[in-house]
Amino acid sequence: MGFRDCQVVAPIALVGCDWARRIGRCYHEYRAAYSRTNVLAYVHCSVMPKHPALTRDLSGRGISRRAFLKFCSVAASVLALPPEAVGSLVESLGHSARLPIIWLSFQECTGCTESFTRSHAPAVEDLLFDYFSLDYHHTLQAPSGADAESARLDSMRRFQGRYLLIVDGSIPLARGGVYSTIGGRTNLAMLKECGEGAAAVIAVGSCAVFGGLPAASPNPTGAVGVLALMEQGLIAKRPLVNLPGCPPLPIAISSVLAHYIAFGRFPAVDDMQRPLSLYGNTVHERCSRFRFFEERKFVKQFDDEGARKGWCLYLLGCRGPLTHNACAVHKWNQGTSFPIESGHPCLGCAEPGFWDRGGFYRCIDETECTVDESHESREDAASEGQNLYEDNCVYCHSIDPGALRTDPNQIPHLLRSGEIRSHRRLQFSDEQLDQLGEYLKSRK
Ligand code: SF4
């Protein structure tokens, strides 16, 4: 069966799988889901049959064929690879030697590691821990103290020029870097030493990329990110990819790792060294609330009616229009949700200096979202008027007031005057009569 056939078969064959279930939520998700199912089917039908040894090899490692294919298709989709490249990804990952990785954690909160270990669909740790050797990582390594440091030095010596260096956390430069030391050595000294023999570097999280929270004004520790150190010549220049976010998406870390393991290089990046497939669009452009932004329907308070209806959070300070990230597509917790979907504005955590851009709940530019207040208040009044009509008038009149023969502009006046005996029992206030009038006008 060729790829052309797969395009038809895949959506049927995969009904019930994670991706197929997502079809229909929004256009972007639909596209992502559809391309993933196609990619998966392509690999399933065109690549795997040519490599029976690969299937045997995977089962020997305790990895199911389906989980492996699923991971490759997800990684390919996240990185926007063409279907042809997926075959290479499968073959390279299936046969690759384990890549040595040294992971340095500096001024950070362990959120980036936490994010990485929560990778899903499939459980990336099940797969990737078979493809790389995590030789040094404070949180995940078994040894500690001198043993841990000697494991790092040993790995650096054995894999000189071949290991991958991952950094999370910012590097303090003030007062000679004394604000953060490991084994008595400053973060800068350790990074310099590890960077010399690294084949490439991944900066994970906004702290390692831009300085993050430690660099927030007045930046008492003189915190900077990895790229700034390379530009200043304080550490060796190596191929670098930046994955900002506080923390970054789990799938961003795992898919970039998979790409590097398979192809020996990073995916295409923008001028801030961020993968284009993940950071090429703003959160706003792919937000599920974007429709309401265009309709000028904004939440004004966290508990107002707009909040309950899922309207746009721009007035509450949402930074989605300025923030480049893929949260709205890949989400968190196994693709369940992301902050905006849960009702909280985007804080812009993947952009430089996000802590110092004024209050998180201050609107970026209120003139962007001028709302026709008079129109809005008329809508509210009509809605109240509808309740009054349905609670009081339908006992004598049609449920559709459009059938009334009296001019709707006259009805509040007639009710106020008390000239119609049967209406005297209603006893509406002036405000209620205005609301009823708005509703009746809206139905004519
Ligand atoms: S909630 Fe934020 S990201 Fe979403 S449409 Fe509104 S402003 Fe844009």
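The following questions and answers walk through a predicted model, taking its sheet, some helices and the ligand shell in turn.

Trainee: In what order do the five strands of the open sheet stand?

Mentor: Strands of a sheet pair through backbone hydrogen bonds, either parallel or antiparallel. In this open sheet the pairing is parallel, and neighbouring strands are turned by 25° against each other on average, direction ignored. The order of the five strands is E2-E1-E3-E7-E9.

Trainee: Which strands stand at the edges of the sheet, each with a single partner strand?

Mentor: A strand with a single partner has one side left without a neighbour in the sheet, and this applies to the strand covering 132–136 and to the strand covering 240–243. The strands at the edges are therefore E2 and E9.

Trainee: How many bridges join E3 to E7?

Mentor: On its other pairing, with strand E1 (residues 99–105), strand E3 (residues 163–168) is joined by five bridges, and Leu104 stands opposite Val167 there. Towards E7, Leu165 has Val201 as its bridge partner. E3 and E7 run parallel, and the number of bridges joining them is six.

Trainee: Is E7 largely enclosed by the rest of the structure or largely open?

Mentor: E7 pairs with E9 in the parallel sense over four bridges, with Val204 standing opposite Leu243 in E9. Helix H10 (residues 187–196) lies across E1, E3 and E7. Because five of the seven residues of E7 are buried, the strand is largely enclosed.

Trainee: How far apart are the end C-alpha atoms of helix H13?

Mentor: Helix H13 covers residues 250–263, and at 1.5 Å a residue its 14 residues should span 20 Å. Of these 14 residues, 13 are buried, so H13 is largely enclosed by the rest of the structure, and just after H13, Gly264 takes a positive phi of about 75°. The separation of the end C-alpha atoms agrees with the expected span, at 20 Å.

Trainee: Does Gly310 count as buried, exposed or partly exposed, and which count decides this?

Mentor: Gly310 lies in the loop between helix H16 (305–309) and helix H17 (327–330). A residue is buried with 20 or more C-beta neighbours within 10 Å and exposed with 12 or fewer. Gly310 has 16 such neighbours inside 10 Å, so it counts as partly exposed.

Trainee: Which residues are the closest to the ligand?

Mentor: The ligand is surrounded by 14 residues, and by class this shell has eleven nonpolar, two polar and one charged residues. The closest are His284, Cys287, Cys312, Cys318 and Gly320.

Note on methods:
Residues are numbered from 1 along each chain as its sequence is written. This is a predicted model: local features need pLDDT of at least 70, side-chain atom pairs count only at pLDDT 80 or more; totals for chains, interfaces and linings use all residues. Helices (H or I, at least four residues) and strands (E, at least two) are DSSP runs, numbered from the N terminus. The expected span of a helix is 1.5 Å times one less than its number of residues. Two strands pair if DSSP finds at least two bridges between them. Axes are lines fitted to C-alpha atoms, for helices over the stretch in contact, and angles run from 0 to 180 degrees between N-to-C directions. Two residues are in contact if their C-beta atoms, placed from the backbone, lie within 7 Å. A residue is near a molecule or strand if its C-beta atom, placed from the backbone, lies within 6 Å of it. Ala, Val, Leu, Ile, Met, Phe, Trp, Tyr, Cys and Pro count as nonpolar, Asp, Glu, Lys and Arg as charged, and the others, Gly among them, as polar.
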